[in-house]
Amino acid sequence: MATKAGADLCGEVLLTLARLRLATPRQLKALLLPHQQDTDHVRRALRNLLAESPALVGRTHRAQQSYWYCTPAGLAEAAASGELASPVGRTTGKRIAASKTGLREHGLALVDTVIAFHQAEVADHADWRVEVAHPTPAGNLVPDGVVLLANGSSAFVEIDRTMSYAGLLAKLERYDAYRNAPASGRGNAARPPRNHWQETYAGPSLERTFPLLLFVFAPAKRRAAPETREAAFHDRARPNWQITVATTTLHQLTHDGADRPVWRIVGRGEEDRRVLAAAPKPR
């Protein structure tokens with residue numbers, strides 16, 4: 001397979017960093033040049049973007065690893081391309097890349113999740129949005145990621161590394177509040193007003209149900225293993241038949257594949273895992 005032209009690859013690298021906030025060269029290669037043996041082409045593209053005036057990307061080094069992100073100029077360039085699914089905010093990944101509090105590892109786990117979905121053709125990497133605010137009566141709900149799946153439906157994705165079980169259950173309640181938030185539109189004689197999730201995710205004929213809510217449990221130092229946290233979450237979470245909640249671990253997701261039976265459904269009284277396509281619809 002021919003290598004992408006340098007300018008094309010630079011553009012794709014910039015757009016990917018704009019969408020995902022930060023990534024390593026290895027992660028960018030997995031998304032953009034999966035058949036390449038090494039990261040040389042991606043690194044060359046990153047250096048070219050860094051050499052622009054003003055620089056379109058920045059980087060942080062930690063433990064012989066480089067973490068790359070868009071600068072404000074890079075975000076503006078990406079937005080001006082018209083290739084982004086939605087407007088990108090002014091937040092760059094610089095703070096996340098330089099974080100010593102786990103934010104960087106959280107962001108990288110999200111990118112690994114994007115890679116797993118992309119490689120399994122469950123969702124294209126260009127169909128992800130990160131940290132998009134959704135209004136509720138109690139304030140904005142901000143999912144780690146929102147993805148348009150290949151089957152046309154959407155899913156909310158939450159990465160958990162260090163959150164308490166009480167925090168996770170509170171997050172479920174925020175999604176329930178968003179699901180049941182009153183209609184924000186005025187409607188008309190032809191149709192009643194629709195609330196935010198219906199306007200955004202249900203389709204013009206309201207044929208789609210509330211998006212799946214997916215929790216991915218990722219490893220963290222001095223925390224219980226992801227498998228242990230996932231099991232404890234299922235023991236504590238009460239089923240909500242208006243929202244389908246599925247969980248997996250980052251290891252299962254990346255090792256087996258997002259299209260494999262790696263998903264466990266909350267409230268189904270079983271430990272068997274299933275493919276995402278077999279997840280029950282909300283009532």
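**Strand pairing, a cavity and one histidine in a predicted model**

Good morning. Let me begin with one residue pair: valine 157 has leucine 214 of strand β7 as its bridge partner. Before going further, I should state that this is a predicted model.

That bridge belongs to a longer pairing, in which strand β6, residues 154-160, and β7 run parallel and are joined over six bridges. What does β7 pair with besides β6? Strand β8, residues 245-249, pairs with β7, again in the parallel sense, over five bridges. Leucine 214 takes part here as well, with alanine 246 in β8 as its bridge partner. In general terms, the strands of a sheet pair through backbone hydrogen bonds, and they do so either parallel or antiparallel.

Is β7, residues 212-217, mostly covered or mostly open? It is mostly covered, with six of its six residues buried. The burial applies to both faces: Leu212, Leu214 and Val216 lie on one side, while Leu213, Phe215 and Phe217 lie on the other.

I turn now to a second sheet arrangement. Three strands make up an open sheet, ordered β1-β3-β2, with antiparallel pairing. Its edge strands are β1, residues 22-23, and β2, residues 57-62, each of which pairs on one side only. Between β1 and strand β3, residues 65-70, the antiparallel pairing extends over two bridges. Within it, alanine 23 has tryptophan 68 of β3 as its bridge partner. Helix α1, residues 6-20, lies across β1, β2 and β3, and its direction makes an angle of about 85° with β3.

Next, the internal space. How many cavities of 30 Å³ or more does the count give? The count comes to one, and the volume of the largest cavity is about 80 Å³. Its lining consists of 13 residues, and those nearest the centre are Asn240, Trp241, Ile243, Thr244 and Arg268. By character, the lining divides into eight nonpolar, two polar and three charged residues.

Finally, I would draw attention to histidine 118, which is located in helix α6, residues 103-119. Which residues does histidine 118 touch, leaving aside those up to four places away in sequence? They are Leu31, Ala123, Asp124 and His125. Histidine 118 also illustrates how sequence and space can diverge: glycine 257 is 139 residues away in sequence, yet the C-alpha to C-alpha distance between the two is 9.7 Å.

To close, I return to leucine 214, which is buried on one side of β7 and is the bridge partner of valine 157 and of alanine 246. Thank you.

Methods: Residues are numbered from 1 along each chain as its sequence is written. This is a predicted model: local features need pLDDT of at least 70, side-chain atom pairs count only at pLDDT 80 or more; totals for chains, interfaces and linings use all residues. Side-chain values use heavy atoms; hydrogens and water are left out. On a 1 Å grid over the protein atoms alone, a cavity is a set of points where a 1.4 Å probe fits but cannot get out, and a pocket is an open set with protein on both sides within 12 Å along at least five of seven lines; lining residues have an atom within 4 Å of a point. Grid points are joined across faces, edges and corners, and a volume is the space filled by probe spheres set on the points. Ala, Val, Leu, Ile, Met, Phe, Trp, Tyr, Cys and Pro count as nonpolar, Asp, Glu, Lys and Arg as charged, and the others, Gly among them, as polar. Helices (H or I, at least four residues) and strands (E, at least two) are DSSP runs, numbered from the N terminus. Contact means heavy atoms within 4.5 Å. Two strands pair if DSSP finds at least two bridges between them. Axes are lines fitted to C-alpha atoms, for helices over the stretch in contact, and angles run from 0 to 180 degrees between N-to-C directions. Buried means under 20% relative accessible area, exposed over 50%, partly exposed in between (1.4 Å probe, protein chains only).
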